[in-house]
Amino acid sequence: MAARDFRNAEHLPNLRPDQQPASPEELPRQRNGVTPQMHGRYPDYNVLDESEHWDEITRRLVFERVESTPPIRFFTDAEARTLGMFCDLVMAQDREPKIAVLNMVDAKLFEGQLDGFRYADMPEDRETWRRLALGLDAAARQHGAGDFAGAATDVQMRVVDALAKGELRGEVWDEMPPAKTWKVVSRAILSAFYSHPWAWSEIGFGGPAYPRGYARLGAGQRENWEGAPAFETDPVKDTEQRGVQGT
Amino acid sequence: MSRRHELRTLLRGALRPPDNDSAFLLDVHRRAVPQERMARYDDSYPVDLVIVGAGAGGGTLAQRLARRGWKVVVLESGPFWDPDEDWVSDEAGSHRLYWTDERITGGSDPVELGKNNSGHGVGGSMVHYAGYCPRFHPSDFEVRSRDGVGEDWPIRYWDLKPHYERLELELPVAGDYWPWGDPHRYPHTPHPIAGGADAARDGAKKLGIEMRVGPVGITNGSFGNRPHCIYRGYCLQGCKVNAKASPLVTHIPDAIEHGAEIRAHCMVTEVVLDDASGQVTGVRYVSDGRERFQRADAVAVAGYSIETPRLLLNSTSRRFPHGLANNNDQVGRCVMVQGAPQVAGRFPDEMRMYKAPPPEICSEQFYETDEQRGFVRGFAIQTVGPLPIEHAQHIAGHGHWGPALREYMRDYNHWYTLGILAELLPQPENRVTVVSDVTDQNGIPVARMDYSQCENDRKNIAFGKQTIHDIFEAAGAQDFLITDRYAHLVGGCRMGSDPEQSVVDADQRCWDVPNLFIADGSVMPTQGSANPALTIMALASRLAERLELKRTGSDSAARRRRSRRPRRRAPIQAGGG
Ligand SMILES: Cc1cc2nc3c(=O)[nH]c(=O)nc-3n(C[C@H](O)[C@H](O)[C@H](O)COP(=O)(O)OP(=O)(O)OC[C@H]3O[C@@H](n4cnc5c(N)ncnc54)[C@H](O)[C@@H]3O)c2cc1C
Ligand code: SF4
C-alpha cells in the first residue's frame with residue numbers, strides 16, 4: 001500500500017468528480033485494537049489504550065458500548081432485517097467488524113429515550129422507525145425488488161439516497177415527509193456510531209479527556225499519546241521497530 | 001466604565017467579586033455543591049418568593065434575593081447535579097443534561113429542540129451551554145426606533161450595564177478588550193487559542209474582519225475553589241472541572257449559604273391564582289409522583305422560553321381562562337431563535353478541533369445594521385468546536401452519507417468550524433402554544449413551538465454564511481462543509497410598555513397579576529446577535545434590585561438587618577424538601 005499524504009485534500013468527496021471517496025480498502029489496516037471494518041488513518045492508535053486516564057464514570061460508560069451489545073427488543077425480526085441493512089448502508093459498514101448500530105438504536109427506542117422534540121407533521125420517533133421499515137420496502141418495490149433487504153445493492157443505494165434528499169414518494173411517503181424522516185433517523189444512527197470508541201480510533205479522536213485534559217493545542221500538534229496519521233509512519237521502519245513481519 | 005471597575009479589571013482575577021462567595025463556598029476536593037447546610041422550608045410556610053427553575057435567570061435571582069434576606073425556594077424539575085458522579089466526558093452519554101420530554105416543533109422553518117436547546121437540572125441550560133458571555137449592544141434595546149423592526153425594550157442598555165459588570169466578575173468572564181457595542185474590558189485575561197482558531201483569525205484579518213479572543217465564562221487561572229480550564233473541549237457536555245460558569249457554581253452556592261432552598265426533582269405544573277384577590281398564592285408541583293403545593297407571597301417563573309409560556313398557558317382560572325397573564329393573547333408569542341449556520345473548513349495541518357473550549361474567538365463587526373447589505377440588523381461570528389457526533393451531523397447536513405460521510409469523518413482532525421449568530425426578528429406568529437391532546441407523564445399538555453423565518457432573516461443568514469465561508473477561503477481552507485441550524489431561544493413573554501403588546505412591564509411583573517414575575521430569557525423583546533445567557537442573568541440581577549426597592553419603605557430595612565444570616569434564624573421547618 002502506498003502511503004498517502006493527507007496534507008492535500010484530493011481524497012475528499014466534494015473535490016472528486018463523482019462526489020464519492022476512493023475505496024477505504026486503500027487505507028492502512030488497523031494494527032492496534034479495532035476499528036469498524038478494520039481500516040482507518042491511525043493504524044497504531046487505539047483510544048481504549050488511554051482509558052486508565054479517564055474518570056471512572058466515563059470509563060464504565062464507554063466500555064459498556066464495547067463489551068455488551070444490547071439485544072433487539074423493540075423491532076420485530078422483519079423490521080430488524082430491513083433496518084439493519086439500512087443502518088449498514090448509511091454507515092458504509094460492508095463487513096465485520098461492525099458497530100452494532102441498530103442494536104443501539106433499538107435499545108434507545110425500547111427504553112423510550114426521547115430526543116426532546118418531534119416535528120408537527122411526523123409521528124413520534126418509535127412509530128417513525130417502524131414506518132421507515134415499511135417505506136423502505138415500498139420504495140424498493142418501486143424499483144422492481146421484492147423488498148429492501150433483498151434488493152440489489154444499487155437499488156438499496158438509490159433508495160437511501162432518495163430518502164436523504166427527501167425525494168421518496170408514494171404509500172408511506174405520502175404521509176410521512178422523507179426529508180424529516182431522514183433527519184430523525186440519521187441523527188440516531190450517527191449518534192450511535194460515533195459514540196463508539198472503535199469509530200474514535202478510526203478518526204483519531206482523543207476521546208474522553210478528564211481529568212488529564214489537553215496541552216498541545218496548536219496546528220499540527222498532538223499530545224505525545226495521540227495517534228500519528230498513517231502517512232507519518234514509515235512502514236519499513238515501523239515493522240522493524242515493532243518486530244513484526246512486513247509483507 | 002467606572003473607575004472602580006477599571007481598577008478591578010487591572011487586578012484581573014485576583015479579587016473576589018462583591019457580594020457573592022460562590023466560588024469560595026465550593027469544596028476543593030469534590031465538584032458537587034455542598035448542600036449539608038441548606039435550609040428546608042415547609043410547603044405550608046409562605047416563603048417570600050418561589051422561583052420556578054434553577055437556570056440562568058432563576059439561579060441568579062435566588063442568589064440576589066437570598067443575599068437581601070428574602071426567604072426563597074427554587075423548584076427545579078431536574079436533578080441537583082453532582083459533576084463527579086453524574087456527568088461524563090462523552091457526547092451521547094450526556095443525554096440526561098437536556099430537556100428531553102416531548103415537545104412539538106412546527107412552522108415552515110421548524111426548530112430542532114432537545115440537546116440544542118434547553119437544559120434540565122440545577123444550573124439550567126448553562127450547564128451545557130458553550131460558555132460565550134457577550135453583552136448586548138446598546139442598539140439592541142431600541143431596534144424599532146433605529147431600524148423600524150422588532151420592538152424597543154422598556155429599558156435601556158445602561159439599565160443593565162452595572163449588572164453586566166458585576167456578573168462578569170462573578171462568572172468570571174475571560175477575553176480580549178472588547179471594542180464593539182459599549183467598549184469594555186474583561187476581568188480575566190484571554191485564554192490561549194487552538195490552531196484552527198488561529199487560522200480563522202488570520203483568514204478574517206486578510207478580509208479586514210477583526211476577530212478577538214473570548215468573551216467566555218471560563219476561569220483563566222483558578223478562581224476561588226474553581227480550578228483552571230483543562231482545555232478538554234467538553235463544555236457542551238457539562239464541565240466536570242467546574243472551570244466553566246453556570247449558576248450551579250456561580251450563584252447557587254451563595255444562595256444556599258444565605259438561606260435559599262433549592263428543591264430538585266420538583267416539576268411545577270400550575271401557578272395558582274386566587275380568583276378573589278387576583279394574586280397568585282403559590283405553585284402546584286409534582287415530586288416523587290406526589291402532588292404538592294408550595295405557598296408563597298410571590299412567584300417568579302424562570303423555566304426557559306418554552307416551559308415558561310407552557311406553564312402560564314396551562315395555569316387557567318376564572319380570571320384567566322386562556323392561561324395566566326394571557327388575557328391579551330401575548331403569552332408564548334414572539335419567541336425567537338438565532339440563525340446559526342456553520343461552515344467547516346479543511347486545512348493541510350491537523351487542527352483537532354475537539355481540544356480547547358468550543359468558544360474561542362468572536363467578531364461583532366457585522367452586528368449593527370449596514371444598509372448596503374440589503375437587510376437590517378446583523379450577526380456575530382464565533383468558533384464552535386464540534387465533537388465527533390456533532391461533526392457527523394454537520395456532514396450529513398451538507399448532504400453526505402455512507403462512504404462519503406465515513407471518509408469525511410476519517411478526515412475529522414483536519415477540520416475547524418465557524419458559525420454565525422444571526423439576529424432573527426420577533427414575529428407574533430412564531431409562538432409557543434400548548435397541545436391539549438398530547439400530555440406528559442404528569443398529564444400536563446405539552447408545548448408546541450411554531451417557527452417561520454421572514455425575508456430579512458433569510459437574507460441575514462445567507463450573508464453571514466457567505467462571510468464565514470470567505471474567511472475560511474482566505475485562511476487557505478481546501479474544502480468546505482456547510483450546514484444550517486439554529487441556536488438559542490428567547491422571548492415568548494416579552495417585556496414592554498404597552499399591556500396589549502407585552503406580558504410583563506419594565507420590572508418583569510405580569511401586567512395583570514401584581515405578584516407574578518418572569519425572570520428568564522422569555523422576557524426579551526429582541527435578541528441581538530449575542531448569546532443570551534449573560535443578559536438573562538443581568539436581567540434577573542436587575543429584577544432583584546427592583547423587587548428590593550419595592551420593599552424598601554415597608555418592613556424590609558428591618559427585615560434585611562434581621563436576616564443577614566438567615567440560615568440560622570429563619571423559621572425553617574423540617575420536612576419541607
Ligand atoms: C448547546 C447550547 C449552547 C449554548 N451556548 C450558549 C453560549 O455559549 N452562550 C450563551 O449565552 N448562551 C448559550 N446557550 C443558551 C443559554 O444556555 C440559555 O439561553 C439560558 O441558559 C436560558 O436561561 P433561562 O433562565 O431562560 O433558562 P434555563 O437556564 O434553561 O433554566 C430553566 C430551568 O427551569 C427548569 N424548569 C422548566 N420548567 C420547569 C417547571 N415547570 N418546574 C420546575 N422547573 C422547571 C428547567 O429544568 C431548567 O433547569 C446555549 C444553549 C445550548 C443548548
Ligand atoms: S474545556 Fe475547560 S471549561 Fe470546557 S469543559 Fe473542559 S475544562 Fe470545562
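Contact here means heavy atoms within 4.5 Å. The structure is a predicted model.

**Exercise 1.** Identify the residues that B:L516 touches, leaving aside those up to four places away in sequence.

*Solution.* Step 1: among the contacts of B:L516 are the valines B:V271, B:V280, B:V299 and B:V301. Step 2: B:L312, B:L324, B:Q508, B:R509 and B:C510 complete the list.

**Exercise 2.** Place B:L516 within the largest nonpolar core.

*Solution.* Step 1: this core holds 194 residues, and B:L516 is one of those that touch the most other members, together with A:F86, A:W129, A:Y194 and B:I381. Step 2: helix α7 of chain A, residues 178–193, supplies the largest share of the core, namely eight residues. Step 3: another core, of 37 residues, lies apart from it and includes B:M38, B:L65, B:V74 and B:A544.

**Exercise 3.** Determine whether B:Q508 and B:D329 are buried, partly exposed or exposed.

*Solution.* Step 1: buried means under 20% relative accessible area. Step 2: B:Q508 has a relative accessible area of 1%, so B:Q508 is buried. Step 3: B:D329, at 32% relative accessibility, counts as partly exposed. Step 4: phi is positive in B:Q508, near 60°, and in B:D329, about 55°; neither residue is a glycine. Step 5: B:Q508 belongs to the loop between β18 and β19 of chain B, whereas B:D329 lies in the loop between α10 and β10 of chain B.

**Exercise 4.** Locate the cis peptide bond that joins A:E96 to a proline, and the one that joins B:G214 to a proline.

*Solution.* Step 1: most peptide bonds are trans. Step 2: A:E96 is joined in cis to A:P97, with omega about -10°, and A:P97 sits in the loop between α2 and α3 of chain A. Step 3: B:G214 is joined in cis to B:P215, with omega about -10°, and B:P215 is in the loop between β4 and α8 of chain B.

Terms used. Residues numbered from 1 in each chain as written. Chains lettered and ligands numbered in written order. Predicted model: local features only at pLDDT ≥ 70, side-chain atom pairs only at ≥ 80, totals over all residues. Heavy atoms only, no water. Core = buried A, V, L, I, M, F, W, Y, C linked by side-chain atoms within 4.5 Å. Buried < 20%, exposed > 50% of the residue type's maximum accessible area, 1.4 Å probe, protein only. Helix = DSSP H or I, 4+ residues; strand = E, 2+ residues; numbered from the N terminus.
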